[in-house]
Amino acid sequence: TVGEFKDTIKNTKHSKFPVLDENDKLVGIITINDIPADILDSEEIYKYITKDTITVTPKTSIAYVAHTM
């Protein structure tokens with residue numbers, strides 16, 4: 001929920017988190033900026049995640065990563 005996400009931010013001092021599915025596959029990321037200020041803490045965060053993520057592997061070249069960004 002949004003409330004749990006806010007608590008996690010307070011407890012960890014981080015503001016960006018990966019969102020994983022039940023198989024631990026990356027499905028998106030969420031940041032505090034993705035959550036509108038007027039949203040109830042009881043709402044699910046899944047509709048606010050950024051789903052168009054770009055992933056790389058340890059073998060991906062720095063040049064490719066820089067070009068992609």
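## Two salt bridges, a hairpin and a helix

By a rule that asks for a side-chain nitrogen of Lys or Arg within 4 Å of a carboxyl oxygen of Asp or Glu, the count comes to two salt bridges. The model you are looking at is a predicted one, so please read what follows with that in mind.

Let's begin with the charged pairs. Side chains of opposite charge can pair when their charged atoms come close. Here is how the two pairs are made up:

| Salt bridge | Closest N to O | Relative accessible area |
|---|---|---|
| Lys6 and Asp41 | 3.0 Å | Lys6 27%, Asp41 42% |
| Glu43 and Lys47 | 3.0 Å | Glu43 22%, Lys47 60% |

Where do Lys6 and Asp41 lie? Lys6 belongs to helix H1, while Asp41 sits in the loop between S2 and helix H2 (62–68), so this pair ties together parts that are 35 residues apart in sequence. Lys6 counts as partly exposed, and Asp41 is partly exposed as well. In the other pair, Glu43 is partly exposed, whereas Lys47 counts as exposed.

Now follow helix H1, which covers residues 2–12. Val2, Gly3, Phe5 and Ile9 are buried there. Looking down the axis of H1, you will find its buried residues within an arc of 165°, so they line one face of the helix. Those buried residues pack against S1 and S2. Turn to the other side of H1 and you meet Glu4 and Asn11, which are exposed. Just after the helix, Lys13 takes a positive phi of about 65°.

Next come the strands that H1 packs against. Strand S2 (residues 26–31) runs antiparallel to S1, and five bridges join them. Together S1 and S2 make a hairpin, with five residues between them. In the turn, Asp24 has a positive phi of about 60°.

One residue of this hairpin is worth a visit: Leu20, which lies in strand S1 (residues 16–20). Which residue of S2 is its bridge partner? The partner of Leu20 is Leu26. Both of these residues, along with Ile29, form a nonpolar patch on the surface, and the three have about 220 Å² of accessible area together. Leu20 itself has a relative accessible area of 43%, so Leu20 counts as partly exposed.

Technical notes
Residues numbered from 1 in each chain as written. Predicted model: local features only at pLDDT ≥ 70, side-chain atom pairs only at ≥ 80, totals over all residues. Heavy atoms only, no water. Patch = residues over 30% accessible without salt bridge, like charges linked within 9 Å, V, L, I, M, F, W, Y side chains within 5 Å. Areas by Shrake-Rupley, 256 points an atom, 1.4 Å probe, with all protein chains shown as cover. Helix = DSSP H or I, 4+ residues; strand = E, 2+ residues; numbered from the N terminus. Buried < 20%, exposed > 50% of the residue type's maximum accessible area, 1.4 Å probe, protein only. Pairing = 2+ DSSP bridges. Arc of directions from axis to C-beta. Contact = heavy atoms within 4.5 Å.
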